[in-house]
Amino acid sequence: MARLRSVLQQVCSVLLLLAVGSNALKLDIQAGSGHDKTSRRCIRNFVAKDMLVVVTAIVDGWRGDGMQLNMHISDSTGNEYGKPKDIAGEQRTVFTSHADAPFDVCFENILTGSRYVEHPYRHIELDIDIGADAKDWSAIQATEKLKPVETELRRIEEMVAEVVNEMEYLRSREQTLRDTNESTNTRVKWFGFGTTFLLIGLWAWQIMYLRAYFRSKHLI
């Protein structure tokens with residue numbers, strides 16, 4: 001197991017070294033009343049518990065241009081991590097996840113009616129950094145007096161550790177699901193056996209009852 005993990009870490013290191021980084025997600029949201037689907041857009045991502053997450057949104061326009069863009073960050077278990085309103089320019093939200101669950105970054109573009117809007121759209125560049133990517137490595141390098149190569153190797157090491165932990169988590173989930181399936185199959189099997197024995201017993205009782213009935217009527 002240790003050898004397999006070592007090989008896996010080496011493979012992941014090579015893949016991470018070849019990666020050039022993640023690009024921001026770009027989207028346009030049409031302004032509306034706030035109750036229609038066109039004025040609302042959500043982006044979902046999964047995060048493990050106690051992970052650092054940095055959500056950066058760069059929004060064009062300005063406050064008071066006839067549109068109000070609101071952002072809401074929450075996970076599927078009900079935890080809320082931020083709800084800034086009327087954002088423009090760069091908006092950064094930093095939080096630590098409370099559960100192993102997917103979280104949603106939702107935007108809502110509402111017409112305020114304060115002025116005429118010729119182009120009722122807001123352009124957003126969204127960047128979500130999780131774990132090692134969310135850390136300020138420049139500050140860590142300056143604080144710990146690390147060389148650039150040492151900083152990059154440390155960042156890659158943490159990213160590889162996150163990949164290994166994620167694979168361990170998926171393996172445990174797969175094992176749990178397999179145990180659940182086996183338990184369900186066992187219950188279904190015994191339920192089938194019980195139903196079969198019950199039908200056989202009912203069939204035997206019916207035969208005995210009919211024989212007793214016919215004998216009482218002197219038919220047999």
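The questions and answers below look at the helices, sheets and salt bridges of a predicted model.

Q: How do you know that the length of helix α3 agrees with its number of residues?
A: Helix α3 covers residues 148–216, which makes 69 residues, and at 1.5 Å a residue these should span 102 Å. The C-alpha atoms at the two ends of α3 are 101 Å apart, and therefore the value agrees with the expected span. After the helix comes H218, whose phi is positive, near 60°.

Q: Which residues of α3 are called buried?
A: The buried residues of α3 are T151, I156, M159, V160 and V164. The word buried is used because the relative accessible area of such a residue is under 20%.

Q: Why is Y213 called partly exposed?
A: Y213, a residue of helix α3, has a relative accessibility of 40%. Partly exposed is the class between under 20% for buried and over 50% for exposed, so this residue belongs there. Y213 also helps to make a nonpolar surface patch of about 850 Å², together with L199, L202, W205, Y209, L210, F214 and L219.

Q: What makes β2 and β5 the edges of their sheet?
A: Four strands form an open sheet in the order β2-β7-β4-β5, and their pairing is antiparallel. Strands β2 (40–47) and β5 (80–82) each have a single partner strand, so one side of each is left without a neighbour in the sheet. From one strand to the next, the twist averages 25°.

Q: How do you know that β4 and β7 are paired?
A: Two strands pair if at least two bridges are found between them, and nine bridges join β4 (residues 67–75) to β7 (residues 101–111), so these antiparallel strands count as a pair. One of the bridges links L69 to its partner N109 in β7.

Q: Which strands stand at the edges of the sheet with the order β1-β8-β3-β6?
A: In this open sheet of four strands, with antiparallel pairing, the edge strands are β1 (25–30) and β6 (89–96), each of which pairs on one side only. Neighbouring strands of the sheet are turned by 25° against each other on average, direction ignored. Six bridges join β1 to β8 (residues 121–130), and these two strands run antiparallel; in β8, the bridge partner of Q30 is Y121.

Q: Why is the contact of R92 with E90 called a salt bridge?
A: The closest N and O atoms of R92 and E90 are 3.3 Å apart, and the cut-off for a salt bridge is within 4 Å, so the pair qualifies. R92 has a relative accessible area of 52% and is therefore exposed, the limit being over 50%. The structure holds 10 salt bridges.

Q: What makes the salt bridge of K135 and E158 a tie between separate parts of the sequence?
A: The side chains of K135 and E158 meet at 2.9 Å, N to O. K135 lies in the loop between β8 and α2 (137–144) while E158 lies in helix α3, so the pair ties together parts that are 23 residues apart in sequence. K135 is partly exposed, with a relative accessible area of 33%.

Q: Where do E152 and R155 lie, and how far apart are they in sequence?
A: Both lie in helix α3, three residues apart, which is about one turn of the helix. An α-helix has 3.6 residues a turn, so residues three or four places apart point the same way. The side chains of E152 and R155 meet in a salt bridge of 2.4 Å, N to O. E152, at 34% relative accessible area, is partly exposed, and R155, at 21%, is partly exposed as well.

Note on methods:
Residues are numbered from 1 along each chain as its sequence is written. This is a predicted model: local features need pLDDT of at least 70, side-chain atom pairs count only at pLDDT 80 or more; totals for chains, interfaces and linings use all residues. Side-chain values use heavy atoms; hydrogens and water are left out. The expected span of a helix is 1.5 Å times one less than its number of residues. Buried means under 20% relative accessible area, exposed over 50%, partly exposed in between (1.4 Å probe, protein chains only). Axes are lines fitted to C-alpha atoms, for helices over the stretch in contact, and angles run from 0 to 180 degrees between N-to-C directions. Patches are made of residues with over 30% relative accessible area and no salt bridge: like charges are joined within 9 Å, nonpolar side chains (Val, Leu, Ile, Met, Phe, Trp, Tyr) within 5 Å. Accessible areas come from the Shrake-Rupley method with a 1.4 Å probe; for residues, only the protein chains shown count as cover.
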